[in-house]
Structures are given as C-alpha cells and as structure tokens.
Amino acid sequence: MSKHITHWIGGEAVATAGAAPRRGDIYDPATGRVTGQVDFATLTEVDAAVGAAVSAFSEWRHASLAKRSTVLFKFRELLNDRKDELASIIVSEHGKVHSDALGEIARGLEVVEFACGIPQLLKGGFTEQASTGIDVYSIRQPLGPVAIISPFNFPAMVPMWFFPIAIAAGNTVILKPSEKDPSAAQFLAELWKEAGLPDGVFNVVHGDKVAVDRLLEHPDVKSVSFVGSTPIARYVYENGTRYGKRVQALGGAKNHMLVLPDSDLDLAADAAINAGFGAAGERCMAISVLVAVEPIADELIEKIKSRMATLKVGPGCNGDSDMGPLVTGVHRDKVTSYLESGVADGAELVVDGRKHAIAGEDVNGEDTVDGFWLGPTLFDRVKPGMSVYNDEIFGPVLSVVRVDSYEAGLQLINNNPYGNGTAIFTNDGGAARRFQNEVEVGMVGINVPIPVPVAYYSFGGWKASLFGDLHAYGPDGINFFTRSKAVTQRWLDPSHGGINLGFPTNA
Ligand code: NAD
C-alpha cells in the first residue's frame, strides 16, 4: 500500500489544502520503486504551522524547567524503545544500512540526553554588589518559534541536532525536513505527542523552496537552523538575515584525510574505507579526499583496493550489507558522471564502482535491478582543478591526491574552500599537534576519520561549510536558541542616592 505523508501542525496530521495539492514521490532506493507521496506545503500550511507555534509559545516558554526536562526524558525513553522501527523507516527511504540508521539515531539521542540537562545549562551568572547595593545577573530566554530545515542524508539525526535544545530552552519549532525521506520527521512528531509535549510546540511542514522561502520571510519565525548544500546554505543565510533572523546555515564539505608516512597503514586503510564509503559517501563528514604523503601512496592504495573488493553492496534492510544504494536515481546518475569526468580530466580510475556486484533482494522479496546503485569507486593521481577534486560529489567516490610533504598536504587542505571535517593519521604526536593548530577546518580527527563531536561540544565547519557564528548543539546550541538578558537590580535601602543625572558608573 502506498503511503501518504502529510504535515504535522498543532499536534495533528494535516494535508495540503486544495483540490490538486502539489506532492512529491517517495522512493525505496534499493528497488527504485515509488512507495508513497509527500504533500508539499503552500503558504497556507506554513502559516498555519507558524501560527500553531506562536500560540504554543506563550505557554511553553513559561513551562518550568522541571516540566520541560520531564518531557525530554520521556521522549528519550520512547525513542530509545522504538529506535529499530525508526531505523527501518530511514532505511526504506534513504537507503543506508540498518546499523548505520541506528547509528544516526544514537547520535541524535545524545543531543536529547544533553538537552535533558537544561536546568543546569540555563544557569546564568550572578554578581553580588557590583556597585554599592547593586547586583547584576544574566538570564537566558527563548527566542520564540524557530525553523529547522534539514537535508536528506540524516533524516533523524540532523533535526535532532537542533530541536531537543530548541524545545528544552522554551522555543517552539517548525521543522521542514527533506522531501526525499520525510517519514522520520512524522515518526518523531508522534513520539513528542506521546511524550506529553503540548500541541503546537513541535510542528512539521513538508515541501520544497515554497515552504523554505515562507519560513525565511515569516515575521513570527525568529531563527533558522539550516543544514544542506553550500549554495542553499548561503541563500538561506543571506535571506534569513535580510529578514532580521538569527541564522546558522551548515553547508557542504570536501573532507581530506592526511596520511603521514609513519602512520599505521592498515589502520589508515580501514579508516578510509569506513569514512569514504559508509552511507555510500552521503555524509557531510565523509572522507572524500585521501592525501597520501609519499612514499606510502602505492602501498596504501593496494590495502584500500583489497578491502573495497570485500564490501557487500546491497539493500540496507539486509543485515549483511555494508553499503546501500544512493538516495535517488538523479543523484546516482550525477555521482556516476564524475567517474567519466575524472577520467577525462586525467585521474586514474583504480576501482570502478559501476562494476561492483549488487547483492540480495529488497526486504519484501522485490528485485533490486532498478535500485539506485553505485559501488565504491577509487581514483588515484587526482589534482586540484579536476571536477572530482573540486566538487562535493556526495557519493562513494574516494580520490587519492599524492603529495611530497606534510606542508604540501596542509596547504592543499587549507586552500580548499570547504572546512567541515578533516583527519590526520600519524604516530607522531608533534605532527598531529601541529596539524590541529594549523589546519583551517572546524572539526579535526587525530587517527579518527569521522570526528563528529560529542553532544556537549558543538558541531560545525569553517569557511563555505558554515554560514553564521554559532555551530550546532552543545554550548553553541544553547546560545543559538536563547537570548541573554542582563539585569541590574537594587532594592531600596537607607543609602539610596537621590537624583543624579550622570551616566551610571560602578564607583
Ligand atoms: P539540499 O541543499 O539540496 O537540501 C537541504 C534542504 O534545503 C532540504 O530541506 C531541501 O528541501 C531544501 N532546499 C533544496 N533546494 C532549495 C532551494 N532552492 N531553496 C530553498 N530550499 C531548498 O541538500 P541535500 O541534498 O538534502 O543534502 C546533502 C547536502 O547537505 C550535502 O551538500 C551535504 O554536505 C550537506 N550536509 C551538510 C552537513 C553539515 O553539517 N555541514 C550535514 C549534513 C548534510
């Protein structure tokens, strides 16, 4: 039976109004078949969701911290109990393997757990007797209705980078998930209701640019947290700030892994496979460029090649698949086009993912011949200027760039316009320490290929990978979703000073 995903407004499912509403197809990437449709919001649905968020805000902002954290704990328990169900939903629309879907839920749960500590996180500062008889203190207050716009590649985790903290801090939320895999957001909305969150605090509108543009311009939306590709991130940042909103817009990436000659090459080869081909390379923290400091490139490539041959590419719902399909046929074709342009630009195609065997059938016994497949691909002798190097491919394509020194590798990374994540592999602590100081990238791994920070640090890149000042979750998340107020107080006592028109000093 074909599914029909609608919006979630004021605590209930709401379809797009009108006789012929705009809708998008939802695919199972493993079979290539359409499994359902998602309604696209018009201005009416977006305005209704914002209206619900405005109404709910007047009460939710006054809910005690004890009440808020009770709801968050309940949401955490419900999601933990039902994570397998959510993982299956993600697999069926995104295509990633089940264990990987569970991984993204686990990382989202970490942020929920962080947000459960909201009473501690919102503690302000207090200064007694800043001037005679005067105390100064700071409090943090919610912004109001906040918008979250998320990409297809982490349909559960990326929204969870934001909404647990936004809600815990007393805001109300309008989430606009990716239209490619919309069902996870619906599942999460129903869990919030079950957890006791008042209606209207968490709303979901589905759709495309129409919904996004309305959220950007709507006067009652106070902030926008966006994650997606760099051109749209830049657009969201420029337009959201033009309308006076607080905006954090996380963009695309081209993450380099620098392998020094002294590193453990087996560890580096394992890491390159995991970070290059996990989730079919559809991760903003995927490693897409391996920078091999000579003379190790030949040996490292051999180790990677032999590991690639063992990878099982098949439906994400099959327990033994290592890597699933790409998200859509259009995206698969775009990624595949880089195999041709890479060769045309002079790179050496060492492993051609088009030739990789596809294992198994989809969970319902459906065949996978029309699935959106591309096996792991490896290029050698890639250079800046080639499209495989310059572009974010966002697929299972790993490029090796050979360099002669640490300095040349560092310069390559720092010259890249993106600055999301990077990693160094070495056994030399001094080199690693120098790298973490010198590299112009927001998240750095030392012998760790995918350095996604834990929930009590913040996640975010530099340069074209993030527009705005504050990163996602952790301390930056608290700052983003609250505004601070400084209060200077004095209570009448016998020493009140009478009239004084001078500017207040602390003398
Ligand atoms: P995308 O930019 O196509 O879409 C992201 C969101 O923007 C979606 O909700 C989409 O509906 C909306 N959107 C798309 N086109 C729009 C337009 N013209 N106007 C307004 N809104 C529009 O990204 P995607 O393909 O869903 O996700 C993959 C991208 O996300 C990659 O570039 C990846 O690097 C990036 N990403 C970055 C991070 C990070 O933390 N920096 C994390 C995950 C994904």
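This is a short tour of the structure in your viewer, one selection at a time. Keep in mind throughout that the model is predicted.

**Stop 1: the whole protein**

Start with everything shown as a cartoon. You are looking at 16 helices and 23 strands. Turn the model along its principal axes, and the C-alpha atoms fill a box of roughly 85 × 60 × 40 Å. The radius of gyration is 25 Å, which agrees with the value near 23 Å that a compact globule of 507 residues would have. Of those 507 residues, 52% count as buried. The chain also brings together parts that lie far apart in sequence: among contacts between residues at least 6 apart, 72% join residues at least 24 apart.

**Stop 2: two domains**

Now colour residues 3-251 together with 465-487 as domain 1, and residues 255-446 as domain 2. Domain 1 is thus written as two stretches of the chain. Taken over C-alpha atoms, the centres of the two domains are separated by 31 Å.

Where do they touch? Contacts run between 19 residues of domain 1 and 27 residues of domain 2. On the domain 1 side, select β4, α3 (83-94) and α4 (98-115), each of which supplies at least two of the touching residues. The largest share comes from α3, with 3 residues. By class, this side of domain 1 has 7 nonpolar, 8 polar and 4 charged residues.

**Stop 3: the ligand**

Next, select the ligand and the residues around it. How many residues surround the ligand? There are 27, and the closest are P151, G228, S229, G252 and C284. Sorted by class, the shell has 12 nonpolar, 10 polar and 5 charged residues. With your domain colours still on, look at where the shell comes from: domain 1 and domain 2 each give at least three residues.

**Stop 4: strands near the start of the chain**

Zoom in on strand β5, residues 33-39, and strand β1, residues 3-5. These two strands pair in the parallel sense over 3 bridges. Then add strand β4, residues 23-28, which pairs with β5 in the antiparallel sense over 6 bridges.

V38 in β5 is a handy residue to label here. I5 stands opposite V38, and G24 stands opposite V38 as well. Follow the chain from β4 into β5 and you trace a hairpin with 4 residues between the strands. In the turn, G32 has a positive phi of about 80 degrees.

**Stop 5: S225 in β11**

Select S225, which is found in strand β11, residues 223-227. Is S225 buried or exposed? It counts as buried, because 31 C-beta neighbours lie inside 10 Å. Leaving aside neighbours within four places in sequence, S225 is in contact with V146, I148, F162 and Q248. Try the distance tool on S225 and I149 too: their C-alpha atoms are separated by 6.3 Å, although the two residues are 76 residues apart along the chain.

**Stop 6: some unusual backbone**

Most residues other than glycine have a negative phi, and most peptide bonds are trans. The next selections depart from that pattern.

Begin with A279, in the loop between α10 (265-277) and β14. Its phi is near 55 degrees, a positive value in a residue other than glycine. A279 counts as buried, because it has 24 C-beta neighbours inside 10 Å.

Then jump to Y473, in the loop between β22 (466-467) and α16 (474-480). Y473 also is not a glycine, and its phi is positive, about 45 degrees. With 28 other C-beta atoms within 10 Å, Y473 is buried.

**Stop 7: a cis peptide bond**

For the last selection, show E294 and P295 as sticks. The peptide bond from E294 to P295 is cis, with omega near 20 degrees. P295 is found in the loop between β14 (287-293) and α11 (297-309), and E294 is found in that loop too.

What surrounds E294? This residue is exposed, with 12 other C-beta atoms within 10 Å. Not counting residues up to four places away in sequence, E294 touches R402 and D404. The C-alpha atoms of E294 and V401 are separated by 10 Å, and these residues lie 107 residues apart along the chain.

How values were computed
Residues are numbered from 1 along each chain as its sequence is written. This is a predicted model: local features need pLDDT of at least 70, side-chain atom pairs count only at pLDDT 80 or more; totals for chains, interfaces and linings use all residues. A residue is near a molecule or strand if its C-beta atom, placed from the backbone, lies within 6 Å of it. Ala, Val, Leu, Ile, Met, Phe, Trp, Tyr, Cys and Pro count as nonpolar, Asp, Glu, Lys and Arg as charged, and the others, Gly among them, as polar. Domain bounds come from an automatic or database domain assignment. Two strands pair if DSSP finds at least two bridges between them. Two residues are in contact if their C-beta atoms, placed from the backbone, lie within 7 Å. The radius of gyration is taken over C-alpha atoms; the globule rule is 2.2 Å times the number of residues to the power 0.38. A residue is buried if 20 or more other C-beta atoms lie within 10 Å of its own, exposed if 12 or fewer, and partly exposed in between; C-beta atoms are placed from the backbone.
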